[in-house]
Amino acid sequence: MKSGYFIEILSRAGEVQHRHQVTDLPIRIGRAYDNDFILDDVHTAAHHAMVDANADGKLVILDLGSKNGLVHQGKRQTEVTIDGHSVIRMGQTSLRIRSADFVVDEEAFDTSNYGWEGWPPALAGFILLCLISLSGTWLTDTEKFAAVRYLMGLAPVLAAVLIWCGIWAFANRLFGGHTRFGRHVFIAASGMLIAQLWSYLSSILGFAFSWEFLSRYGSHILVMIGAAGLYFHLATIKPRHGRGLVVTTVILSLLGSGLMLMTNYQRSGKLADEFYMTDLFSPSLRLSKNHSVDDFMSAANALKADVDSERSKIVDQGDTDNDAE
C-alpha cells in the first residue's frame, strides 16, 4: 500500500484548490521555508502547526504557539484529532489532510449530458423563441398581415435572450470551464414557452370556470417557473451541487412571492393581484353557470352600500377635524 499524506487547500465552498503530497510524519506547516508545507498566508506564523500521530495512532494537528491558532468547527483549539474529513483553518487558509489510503466516494454518475451541447440546443432554443414571439403576435394581430410587424416583435425577444444567455455563458466559462451558450438559450426559451403556456391556460380556465384565484394568484406560478429556469441555469454551471441549488431556488421563489404579496398589500390593501383578464375569448368557452341580472344588481347594490358607508366615515372624520380646528 502506498504511504504518505496529502494536504489539500480548500476554497470557502469546500472545493480543493491545491493538493500537496508529504511522505512522512511529522508534517510541519507554516510560512517559513524550512517547513514541509509552506503557507502563503500573512495571517499564519512562520512555524504555525505540526501534524503527527498520537499514542493511539491517530493523526493530530498541534498549534505551535501561533497568534491566530487552529480553528476547527468554528472554535479555536490548540490540538485537534483529525480524519480525512476534518477541515482546519489557519489564518485565512482552510486545509484538510488525508492519508494515501483514504477511501473516496463511489464514482458519481455523469448527468452533464455532453451530447446536448453546441448548436443542437441553440437551434432548438431559437426555434422555440420564434414560435413564442410569432404566435403571440398572431394572436393579438387584428390588422392585415404584414411581415414587418412579426419581425419587429421577434427582434427584441431575440436580443433580450441573447444578452441574458450571454451573461450566463460568461459565468459558465468563468466558474464551469465551458460556455455552453446553446444550452442556456434552450433553458431560457423553454422557460418562456412554459410561462406563456401557463398564461394562456390560466386565462382560459379562469374564463371558462370563473376561477378568480387564477387571475389573483396565478403570477406566483410564473415566479416558480422563473425560479426553475434559474435552477437549470445554475445546474448547467455546477451540475454536482443539485441539493444546494434546489434550496437556493426555493428560497428565491419564496422571497419573490413574498415580495409580490407585500407590494400588493401596500398598494391596494389586499394580498391578491388586481382582478382582470388580459385575453378575450369566445362566449362558447364559458362553462361556468351564468348569473342572472337580479344577482348582478344585488351584488352591485351591496357594493354600493359598502362604498357609501366608507365615504360617510371619511366625511364624518373630516367634519370632526374641522370642528377641532
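This is a walk through the strands and then the helices of the structure shown above.

Let us start with confidence, since the model is predicted. The protein chain has an average pLDDT of 85, and 92% of the residues reach at least 70. Of the chain's elements, strand β3 (residues 27-30) has the highest mean, 94, while helix α7 (residues 293-324) has the lowest, 74. As a general caution, predicted coordinates should not be read in detail where pLDDT is low.

Now to the strands. One open sheet holds 6 strands in the order β2-β1-β11-β10-β7-β8, and its pairing is antiparallel. At the edges stand β2 (16-22) and β8 (75-77); each has a single partner strand, so one side of each is left without a neighbour in the sheet. On average, neighbouring strands of this sheet are turned by 35° against each other, ignoring direction. Further in, β1 (residues 5-10) and β11 (residues 93-99) run antiparallel and are joined by 6 bridges. If you would like a place to look, find I7, which stands opposite I97 in β11.

Two loops that involve edge strands of this sheet are worth a stop. The loop between β2 and β3 contains P26, and the peptide bond leading from L25 to P26 is cis, with omega near -5°. The loop between β7 (70-72) and β8 contains Q73. This residue is not a glycine, yet the phi of Q73 is positive, near 55°.

A second open sheet has 5 strands, ordered β4-β3-β5-β6-β9, and here the pairing is mixed. Its edge strands, β4 (37-38) and β9 (79-81), each pair on one side only. Moving inward, β3 is joined to β5 (residues 49-53) by 3 bridges, and the two run antiparallel. Within that pairing, I27 has V51 of β5 as its bridge partner. Next along, β5 and β6 (residues 59-63) also run antiparallel, joined by 5 bridges. A53 has its bridge partner, L59, in β6. The hairpin of β5 and β6 has 5 residues between the strands, and in it G57 takes a positive phi near 85°.

We can now turn to the helices. Two packed helices are described by the angle between their axes and the distance between those axes. Let us follow three pairs in this way.

Begin with helix α1 (residues 119-140) and α3, whose axes come within 7 Å and cross at roughly 30°. An angle under 35 degrees counts as roughly parallel, and that makes α1 roughly parallel to α3. The crossing of these two helices is left-handed. On the α1 side, the contact residues include F126, L128, L129 and I132, and on the α3 side they include F186, A189, M192 and L193. By class, the contact of α1 with α3 divides into 14 nonpolar, 6 polar and 1 charged residues.

From α3 (residues 181-209), we can step across to α5 (residues 219-237). The axes of α3 and α5 come within 10 Å and cross at roughly 165°. Angles over 145 degrees count as roughly antiparallel, and α3 and α5 are therefore roughly antiparallel to each other. In this case, α3 passes α5 in a right-handed crossing. Among the residues that make the contact are I187, I194 and W198 of α3, together with L222, I225 and F232 of α5. The contact of α3 with α5 comprises 10 nonpolar, 6 polar and 1 charged residues.

The last step goes from α5 to helix α6 (residues 242-268). These two pack at an angle of about 150°, with their axes 9 Å apart, and that makes α5 roughly antiparallel to α6. The crossing in which α5 passes α6 is right-handed. Residues of α5 including V223, M224, L230 and L234 meet a set in α6 that includes L245, V246, L252 and M260. Sorted by class, the contact of α5 with α6 has 12 nonpolar, 7 polar and no charged residues.

To trace the helices once more, begin at α1, which is roughly parallel to α3. From there, α3 is roughly antiparallel to α5, and α5 is roughly antiparallel to α6.

Conventions: Residues are numbered from 1 along each chain as its sequence is written. This is a predicted model: local features need pLDDT of at least 70, side-chain atom pairs count only at pLDDT 80 or more; totals for chains, interfaces and linings use all residues. Side-chain values use heavy atoms; hydrogens and water are left out. Axes are lines fitted to C-alpha atoms, for helices over the stretch in contact, and angles run from 0 to 180 degrees between N-to-C directions. Helices (H or I, at least four residues) and strands (E, at least two) are DSSP runs, numbered from the N terminus. Angles under 35 degrees count as roughly parallel, over 145 as roughly antiparallel, 65 to 115 as roughly perpendicular and the rest as oblique. A crossing is left-handed if the near helix is turned anticlockwise from the far one by less than a right angle, and right-handed if clockwise. Contact means heavy atoms within 4.5 Å. Ala, Val, Leu, Ile, Met, Phe, Trp, Tyr, Cys and Pro count as nonpolar, Asp, Glu, Lys and Arg as charged, and the others, Gly among them, as polar. Two strands pair if DSSP finds at least two bridges between them. pLDDT is the predictor's confidence in each residue, from 0 to 100.
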